[in-house]
Amino acid sequence: MTESYYVQGQDRSRKVRQLFDAIANRYDLINDLQSFGLHRFWKNELIRMSKIRAGENALDLCTGTGDIAIKIAARGAEVTGCDFSEPMLAKARLRCSNINWIAGDALNLSLPDNSFDVVSSGYGLRNLADFRKGLDEMLRVLKPKGRLLILEFGKPRNLVWRKMYFAYLRFFVPVLGAIFCGDPSAYRYILESLNQYPGQDAIHDLLLNLNCRNVSVKNFLGGVMSINYAEKP
Ligand SMILES: C[S@@+](CC[C@H](N)C(=O)[O-])C[C@H]1O[C@@H](n2cnc3c(N)ncnc32)[C@H](O)[C@@H]1O
């Protein structure tokens, strides 16, 4: 069995970056296969919920190959897409040239306070070495009343459904990683990181504790996928 990409402590970020550097070429293909194309629908839903419009600006964190940033830019907003994996960003740059693609760490952004109308992140928060610090950074760069949207793998409340879904992540998704990347552990990582992530309900409560307004969760497929929404006070 290949070495796990999930490690705790100081090495967490380095291993995550190593993972995405390694799978950048196959990332979009496997995303489509493992979600049966549904990630496109969930990302469109995030865009709809953001109510982003022309004249506003947005930051898409952990932008990867840029799916969400590109969809936001299509609404006429000015978009910055940030990621720390250069190979993932290289893919994004090839897809769209009118986005400000920047290399950076979501836990330590070199961006000013109160500067974006919308901050989004698709499948990013779970990957951060410290998700609380990640939320703090997202809220720091949001303007007051700015909208925060986090799309992530969820934790269904129904325990039978959760077990079935986790079995799918444990047994089926790594097979895709083995076939298309030659590396099952890159996709075993999804469940390993999800086990360490508190899930959509806990993130909802955390956003309430951070005094955010209009905090809500939108669940898909019984909580398999979720979008956390909040507005900065
Ligand atoms: C699962 S991909 C998501 C890509 C894209 N947002 C999407 O929805 O398809 C996670 C991305 O987060 C990036 N990432 C993880 N930790 C990060 C960090 N601390 N700072 C910046 N980017 C990070 C990875 O490099 C990777 O491109």
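**Exercise 1.** Which residue places a backbone N or O atom 2.8 Å from a nitrogen atom of the ligand, other than Cys62? Starting from that contact in this predicted model, describe the surroundings of the ligand.

*Solution.* Step one: the residue sought is Ala106, whose backbone N or O atom lies 2.8 Å from a nitrogen atom of the ligand. Cys62 likewise contributes a backbone N or O atom, at 2.8 Å from a ligand nitrogen, while the side chain of Asp83 brings an N or O atom to 2.6 Å from an oxygen atom of the ligand. Since a polar contact requires N or O atoms within 3.5 Å, these pairs meet the distance cut-off.

Step two: of the 600 Å² of accessible area that the ligand has on its own, the protein covers 98%. The elements giving two or more residues to the shell are α1 (12-23) and α2 (27-35).

Step three: the shell holds 19 residues, and Tyr27 and Gly122 are among the closest; by class, nine are nonpolar, seven polar and three charged.

**Exercise 2.** Work out how the strands of the sheet are arranged, and where helix α6 is placed against them.

*Solution.* Step one: the sheet is open and has seven strands in the order β3-β2-β1-β4-β5-β7-β6, with mixed pairing. Its edge strands, each pairing on one side only, are β3 (100-103) and β6 (213-220).

Step two: within this order, β4 (residues 116-122) and β5 (residues 142-153) run parallel and are joined by six bridges, and Val118 has Arg147 in β5 as its bridge partner.

Step three: helix α6 (residues 131-141) packs on the sheet, where it touches β1 (57-61), β4 and β5, and its direction makes about 145° with that of β5.

Technical notes. Residues numbered from 1 in each chain as written. Predicted model: local features only at pLDDT ≥ 70, side-chain atom pairs only at ≥ 80, totals over all residues. Heavy atoms only, no water. Near = heavy atom within 4 Å. Polar contact = N/O pair within 3.5 Å; in protein donor to acceptor, adjacent residues only side chain to side chain. Areas by Shrake-Rupley, 256 points an atom, 1.4 Å probe, with all protein chains shown as cover. Helix = DSSP H or I, 4+ residues; strand = E, 2+ residues; numbered from the N terminus. Nonpolar A, V, L, I, M, F, W, Y, C, P; charged D, E, K, R; others polar. Pairing = 2+ DSSP bridges. Contact = heavy atoms within 4.5 Å. Axes fitted to C-alpha atoms, helices over the stretch in contact; angles between N-to-C directions.
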